Amino acid sequence: MDRKTWNRKIKAYCKKAGTYKPFFEGPIDTLAGIMEHRDQALEVFESTGSQVVVEYTNKGGSTNLVKNPALQMVLECNAQALNYWRDLGLTSKSWQAMMKEEQLNSSNKPGSLEDALANLGV
């Protein structure tokens, strides 16, 4: 998927989860870029046979087995993206924490003058 498609999709996820805020545009765009790079690396990994390890010949002429660079890129992008998914409240744990914080904030807000007077018995 391209960056614009990921951007729309992530924004829709945030709205559906109830965590979207306009100031999340920057992190959403950054996450969309990470996901686009992840998808590109995944395409390369799959098109080259999805081999976890590949042969690499160094300058000295020795051939060694190394982790596929495309797979490494996919894994690194996934790790980076997970931090953004959390920050946007799009993992179950972070979503629950955001909702709990919202409830605490809404219950700690001062009430109206009528509420205060009613509590005093006036």
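In the predicted model, helix α1, spanning residues 3-17, packs against helix α2, spanning residues 25-47, at an angle of about 125 degrees. The axes of the two helices lie 8 Å apart. Two packed helices are described by the angle between their axes and the distance between the axes. Because an angle outside the ranges for roughly parallel, roughly antiparallel and roughly perpendicular counts as oblique, α1 and α2 are oblique to each other. The crossing of α1 past α2 is right-handed.

The contact between the helices draws on residues from both elements. From α1, the participants are Arg-3, Trp-6, Asn-7, Ile-10, Lys-11 and Cys-14. On the side of α2, these residues meet Glu-25, Ile-28, Asp-29, Thr-30, Leu-31, Ala-32, Gly-33, Met-35, Glu-36, Arg-38 and Asp-39. Sorted by class, the contact of α1 with α2 comprises 7 nonpolar, 3 polar and 7 charged residues.

Side chains of opposite charge can pair when their charged atoms come close. A search of the whole structure identifies 3 salt bridges. One of them joins the side chains of Asp-29 and Arg-3, with an N to O distance of 3.3 Å. This pair links distant parts of the chain, since Asp-29 belongs to helix α2 and Arg-3 to helix α1, 26 residues apart. Asp-29 has a relative accessible area of 32% and is therefore partly exposed. Arg-3 likewise counts as partly exposed, because its relative accessibility is 33%.

A further salt bridge is formed by the side chains of Glu-25 and Lys-11, at 3.2 Å from N to O. Here too, distant parts of the chain are linked: Glu-25 lies in helix α2 and Lys-11 in helix α1, with their positions 14 residues apart in the numbering. Glu-25 counts as partly exposed at a relative accessibility of 30%. For Lys-11 the relative accessibility is 22%, so this residue also counts as partly exposed, the limit for a buried residue being under 20%.

The remaining salt bridge pairs Arg-38 with Asp-39, whose closest N and O atoms are 3.0 Å apart. Both Arg-38 and Asp-39 are buried. These two residues are also among those of α2 that meet α1. The residues of the other pairs appear in the contact as well, with Arg-3 and Lys-11 contributed by α1 and Asp-29 and Glu-25 by α2.

Technical notes
Residues numbered from 1 in each chain as written. Predicted model: local features only at pLDDT ≥ 70, side-chain atom pairs only at ≥ 80, totals over all residues. Heavy atoms only, no water. Axes fitted to C-alpha atoms, helices over the stretch in contact; angles between N-to-C directions. Helix = DSSP H or I, 4+ residues; strand = E, 2+ residues; numbered from the N terminus. Parallel < 35°, antiparallel > 145°, perpendicular 65-115°, else oblique. Left-handed = near helix turned anticlockwise from the far one by under 90°. Contact = heavy atoms within 4.5 Å. Nonpolar A, V, L, I, M, F, W, Y, C, P; charged D, E, K, R; others polar. Salt bridge = Lys/Arg side-chain N within 4 Å of Asp/Glu carboxyl O. Buried < 20%, exposed > 50% of the residue type's maximum accessible area, 1.4 Å probe, protein only.
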